[in-house]
Amino acid sequence: MGLHREVVEGLGRRIGRGDLRPGDLVDINELQGRYGASRTAVREAIKVLSAKGLLAARPHFGTYVRPRADWNVLDRDVLHWQDGSASNLRLLRNLDEVRRIVEPQGARLAARRRVRAELRTMKLALQDLERADQPAELAAADLRFHRAVLAASHNDLLEQLGAVLQPALLLRDLVAFRSDHGDPDSMLQHGAVLAAVEAQDPEAAEQRMHDLLRKAARDAERAARRGRR
């Protein structure tokens, strides 16, 4: 890792974990000493973090940490810099709320509109989920399953929303699967969603997705709390 990237990672993680709080000033001289980096490398790192919404500069005041509401919270780096922090737990809860608003209705539409090829995609994702034994494999298969359900809704905006949320969903799954490798109950609930979509039962598909998301939220929060200890 080059010095420029080391400054980006180090400073980004300090902000993401709350070591530097909104309004705190960033001392360029201190960063040079901490990372042994040139002033140019530090300034370039600040530009990267500013583009992600974490930092801003004001004349006669300096460079400071922006309010969390200004952060690009779905940026992959910003997500990982919050890992294990109180901010990350808040993000997981926010993500759960969005998913409960969106995905049950997506499953309901999928039960009405799915075609055979989309069912096959869901089944393959579920098979991969059942066979996986590593957190990254489990997370990737789970993400493919949920994206396939949204795709089967035949609603372009719902499908695009799934793509926008993908980095956060992947992080959520990695957190949850760190200590829960292939929970049988979760597999059964995924299968129940698939069965309802295949049976073209909108009410059941919506309810089964609600059930699945409730369990997923509990699992992720429990794993995140363990990770903070």
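**Exercise 1. Spacing in helix H10**

Why are Lys-215 and Asp-219 separated by about one helical turn in helix H10 (residues 202–228)?

*Solution.* Start with the model. It is predicted, so local features need pLDDT of at least 70, side-chain atom pairs count only at pLDDT 80 or more, and totals for chains, interfaces and linings use all residues. Residues are numbered from 1 along each chain as its sequence is written, and side-chain values use heavy atoms, with hydrogens and water left out.

Step 1: fix the element. Helices (H or I, at least four residues) and strands (E, at least two) are DSSP runs, numbered from the N terminus.

Step 2: take the spacing. Lys-215 and Asp-219 are four residues apart in H10, which means about one helical turn between them. An α-helix has 3.6 residues a turn, so residues three or four places apart point the same way.

Step 3: check the contact. The two side chains, Lys-215 and Asp-219, form a salt bridge at 2.6 Å, N to O. The criterion is a side-chain nitrogen of Lys or Arg within 4 Å of a carboxyl oxygen of Asp or Glu.

Step 4: check the burial. Both Lys-215 and Asp-219 are buried. Buried means under 20% relative accessible area, exposed over 50%, and partly exposed in between (1.4 Å probe, protein chains only).

**Exercise 2. Other salt bridges**

State how many salt bridges the structure holds. Then describe the pairs Glu-30 with Arg-34 and Arg-66 with Asp-70.

*Solution.* Step 1: the count is 21 salt bridges.

Step 2: Glu-30 and Arg-34 meet at 2.9 Å, N to O. They sit four residues apart in helix H2 (residues 28–35), so about one helical turn separates them. Glu-30 is partly exposed, because its relative accessible area is 31%. Arg-34 has 46%, so Arg-34 is partly exposed.

Step 3: Arg-66 and Asp-70 meet at 3.6 Å, N to O. Arg-66 has 25% relative accessibility and therefore counts as partly exposed. Asp-70 has 36% and is partly exposed.

**Exercise 3. Helix H1**

Test the length of helix H1 (residues 3–16) against its expected span. Then list its buried residues.

*Solution.* Step 1: the expected span is 1.5 Å times one less than the number of residues.

Step 2: H1 has 14 residues, so it should span 20 Å. Its end C-alpha atoms lie 19 Å apart, which agrees.

Step 3: the buried residues in H1 are Val-7, Val-8, Gly-10, Leu-11, Gly-12, Arg-14, Ile-15 and Gly-16.

Step 4: look past the end. Gly-18, just after H1, has a positive phi of about 90°.

**Exercise 4. Two histidines with positive phi**

Locate His-60 and His-154, and give the exposure of His-60 and of His-154.

*Solution.* Step 1: His-60 is not a glycine, yet its phi is positive, about 65°. His-60 lies in the loop between strand S1 (55–58) and strand S2 (62–65).

Step 2: S1 and S2 run antiparallel and are joined by four bridges. Pairing requires at least two DSSP bridges between the strands. Ala-57 faces Thr-63 in S2. The hairpin has three residues between its strands.

Step 3: His-60 has 88% relative accessibility, so His-60 counts as exposed.

Step 4: His-154 also has a positive phi, about 60°, without being a glycine. His-154 lies in the loop between helix H7 (135–151) and H8. With a relative accessible area of 44%, His-154 is partly exposed.

**Exercise 5. Patch, loop and domains**

Which residues make the nonpolar surface patch of about 190 Å²? Place Arg-114 and give the domain layout.

*Solution.* Step 1: the patch is made by Val-98, Leu-161 and Val-164. Patch residues have over 30% relative accessible area and no salt bridge; like charges are joined within 9 Å, nonpolar side chains (Val, Leu, Ile, Met, Phe, Trp, Tyr) within 5 Å. Areas come from the Shrake-Rupley method with a 1.4 Å probe; for residues, only the protein chains shown count as cover.

Step 2: Leu-161 belongs to helix H8 (residues 156–177). At 30% relative accessibility, Leu-161 counts as partly exposed.

Step 3: Arg-114 lies in the loop between helix H5 (86–113) and helix H6 (116–131). Its relative accessible area is 16%, so Arg-114 is buried. Arg-114 and Ile-101 are 13 residues apart in sequence and 20 Å apart in space, C-alpha to C-alpha.

Step 4: the assignment gives domain 1 (3–68) and domain 2 (84–227). Such bounds come from an automatic or database domain assignment. The centres of domain 1 and domain 2, taken over C-alpha atoms, are 35 Å apart.
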